[in-house]
Structures are given as C-alpha cells and as structure tokens.
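Got your viewer open? Here's a short walk through one structure, stop by stop, with what to select at each point.

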Amino acid sequence: MRGGQSLDKEAVSGPGGSSAEHEPTCLEERPKVTGPPAARPQLSSDGLRHAQVSLCQTRTQSPVCSPGDANWTTWIQEIVDLIEHSGDVDKCQRAAIQHRHPFLEWARPPQPSGVEKARAMPRPRVLRTHFPAQLLPPSFWESNCKFLYVARNAKDCLVSYYHFQRMNRTLPDPGTWDQYFETFISGKVAWGSWFEHVRGWWELRDNVQMLFLFYEDIKRDPKQEIQKVMKFMEKNLDGAVLDTIVQETTFEKMKANPMTNRSTAPKTILDQSISPFMRKGIVGDWKNHFTVAQNERFDEIYRQKMKGTSINFCTEL
Ligand SMILES: Nc1ncnc2c1ncn2[C@@H]1O[C@H](COP(=O)(O)O)[C@@H](OP(=O)(O)O)[C@H]1O
Ligand SMILES: CCc1ccc(OS(=O)(=O)O)cc1
C-alpha cells in the first residue's frame, strides 16, 4: 500500500454479476448503513488515514474485497493475479500491475476512475484499495465481500513510505528523515494513521470474510502464506503451480519484471532515479534508519496507540 486519492461511491455491476436490474452491487450507495457485524469502526477526529493493505476481490453474489496498505500491495496483487490465472505467467504479463485491478479510490479525470473500471469489469472482480475500514463504502459490508488485508510492521512501513514519498512526485516532499518520522507518527500521510488503519481492519477480521496476512509471514514462509490465499480464493492448484507462484513473486523476480516494477510509469510521477519502487523488500530495514532515541520514542507511542489490541507484529526475521 502506499498512496491514494478521492473516495468515489457509485454502483458497480459487472457483466457476469447483476442479472436483475436492481440487484445490490458491491459499491452501490444505500440509505441504510449497517456496517460489518458488531464492529463497525469509528473515524477519529483527525479524519484521513493511511493504509496498510489493499486488494479487493468481488464475486457475483459474494464479492471479495481485500484491502492493503502502502507497502506490499503490489506483492499481494501479483500473488492473487497468479492464483486467479492458475499460475499462468503469460496472462499476468497482460498489463502493468497498477492497471490489472481497479484502484477503488482512484479518480483522476479524464482517466476512468477506479469505480468506473470496476463497473466495466466481468466478475469475479478483484479490486484494490488502501482505504481504512472506516472509509469503505457500506455496500462492501452488505455484499458479503471477501477481504484480503496485508499488514506490515509500522517501522518498516514508515521507512518504505518515506522513500516512496521521496520518489512519488504526486505526493508532498516528505522533507528530511527526522521530519517524516514525525509526520508518520502524526498520521498526516496518505490514507492516514498506520495505527488506526491496522487497528480498524484487525478488529473486523472475525466479523467479515477476511484473510488477514502479515508481510513478515509472507517473507518468512511464502509457500505457506500463498496456500492460505489460494484456499481463501477457493482455488485448488497443484504443487507445481504453487511452486511457480512462489518463484514468480520473489522480490528479485518482481523487481526485474517490467509488469510489476512500475518501470512503465512516467518519471514525472514515479522518479525511480531517486528511489526504486521495488526498493529492498526486507524485514528490518528500519534498523538502518531509526536512531536509538527514535526507536525508544516510537516504541512508547506504539504502546499507547496500540493499547488493548491483540495484534502482534514481528520487526525482524
Ligand atoms: N515480492 C516482494 N517481496 C518483498 N517485498 C516486496 C515485494 N513486492 C513489493 N515489495 C515491497 O513492498 C513495498 C511496496 O509496497 P506497495 O506495493 O504497497 O507500494 C516495497 O517495500 P520496501 O520499500 O521496503 O522495499 C517493495 O519492495
Ligand atoms: C497519490 C499518489 C499515489 C500514492 C500511492 C499509490 O498507491 S500505489 O503505490 O499505486 O499502491 C498511488 C498513487
């Protein structure tokens, strides 16, 4: 996950999906907001927040939606795409990764918005979003979507996001590392506070159809985690296909793949001479950035902001 734009709530209906004219669709705006059972998150006063997960898949009657944040979205997208296409590597070369799954909150006229692209898409639909749970259109909760959320530990997220913001010319200059450290803690980054984003989705995990994954787990045991995704997507692929997907989604492979490394994006948007989009792809890079004082301060803030949650991250392998 890493940056985002405006919210666009519209009806989405795909050719394979809504046969009846008024059949509820994934993004349709409704008067009644029910929210996910028993755990609808509340927005805090500081409004916007940043994301940590993103991918949405929607199926005809039970849409699937998986959200993610600004730091592993590309990875899980490629995994999902390969699973959906039964490990067919050529099919996953059909387009650059950012064009394969509609980006829900993307709206930059005159290009079609993420919602317009979703509407034009056959079902089952895989969508991508960095939205915090609080900002997802209510129809997602009501349509029984599946959600695939990938969380990454806050320290590595901060580092990755900093470098991304340096090279993404459409985002504000992040300033110095020390300045950005404060910006991130305050939640004044695209999609808002990491803490609220992760908490929001984590607290919903048992109330909706959600597979909640950790970046660090995928790094540690990609085969096991990809198998979880396969099961969640109800795809039964044999061991050889699974091995192909594991191999095709290593950091090295994806960094060399023009369809995943964002080399097709213009330099005016992503200036990879400043920092590559596929930067390091490791767990623990925060140790090369945080001072001892920053680490102590961050740990204290983390304790306060994540108090009462059962989520447990690992920050090194
Ligand atoms: N196959 C892969 N393995 C490990 N990390 C990956 C990966 N594909 C992408 N990433 C990492 O995910 C981050 C990009 O996130 P997003 O896709 O949400 O923008 C970058 O992190 P780093 O900056 O730590 O290298 C990138 O290297
Ligand atoms: C607003 C610029 C921006 C930031 C992050 C984005 O997300 S992603 O890297 O494509 O997942 C997109 C645009």
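**Starting in a loop**

Go to the loop between helix 1 and helix 2 and pick out Ser 86, which lies there. Keep in mind throughout that this is a predicted model. Check the backbone at Ser 86: phi is near 50 degrees, a positive value in a residue that isn't glycine.

**Helix 1 on helix 9**

Now select helix 1, residues 73–84, together with helix 9, residues 222–232. The two pack at an angle of about 55 degrees, and their axes are 10 Å apart. That angle makes helix 1 oblique to helix 9. Look at the handedness too: helix 1 passes helix 9 in a right-handed crossing.

Which side chains meet here? Show sticks for Ile 76, Ile 79, Val 80 and Ile 83 on the helix 1 side, and for Ile 226, Val 229 and Met 230 on the helix 9 side. Colour them by class and you get 7 nonpolar residues, with no polar and no charged ones.

**Two cis prolines**

Next, jump to the loop between helix 2 (97–100) and helix 3 (114–119), where you'll find Pro 110. The peptide bond leading from Pro 109 into Pro 110 is cis, with omega near 10 degrees.

Then move to the loop between helix 3 and strand 4 (125–129), the place of Pro 124. Arg 123 and Pro 124 are joined by a cis peptide bond as well, with omega about 5 degrees.

**Helix 7 on helix 12**

Select helix 7 (residues 194–204) and helix 12. Their axes are 11 Å apart and the packing angle is about 40 degrees. The two helices are therefore oblique to each other, and their crossing is right-handed.

For the contact itself, display Trp 194, Phe 195 and Arg 199 from helix 7, which meet Phe 298, Ile 301, Tyr 302 and Lys 305 from helix 12. By class, that contact has 5 nonpolar residues, no polar ones and 2 charged ones.

**Last stop: a pocket**

Stay with Phe 298 and Tyr 302, since both also line the second largest pocket. To see the rest of the lining, add Asn 153, Ala 154, Lys 155, Asp 299, Ile 311, Asn 312, Phe 313 and Thr 315. Helix 5 (154–167) and helix 12 (292–305) are the elements that give two or more residues to this lining. Helix 12 supplies the largest share, 3 residues.

How big is the second largest pocket in volume? About 150 Å³. Its lining divides into 5 nonpolar, 3 polar and 2 charged residues.

Note on methods: Residues numbered from 1 in each chain as written. Chains lettered and ligands numbered in written order. Predicted model: local features only at pLDDT ≥ 70, side-chain atom pairs only at ≥ 80, totals over all residues. Heavy atoms only, no water. 1 Å grid on protein atoms, 1.4 Å probe; cavity = no way out; pocket = protein on both sides within 12 Å on 5 of 7 lines; lining within 4 Å. Points joined across faces, edges and corners; volume = space filled by probe spheres on them. Helix = DSSP H or I, 4+ residues; strand = E, 2+ residues; numbered from the N terminus. Nonpolar A, V, L, I, M, F, W, Y, C, P; charged D, E, K, R; others polar. Axes fitted to C-alpha atoms, helices over the stretch in contact; angles between N-to-C directions. Parallel < 35°, antiparallel > 145°, perpendicular 65-115°, else oblique. Left-handed = near helix turned anticlockwise from the far one by under 90°. Contact = heavy atoms within 4.5 Å.
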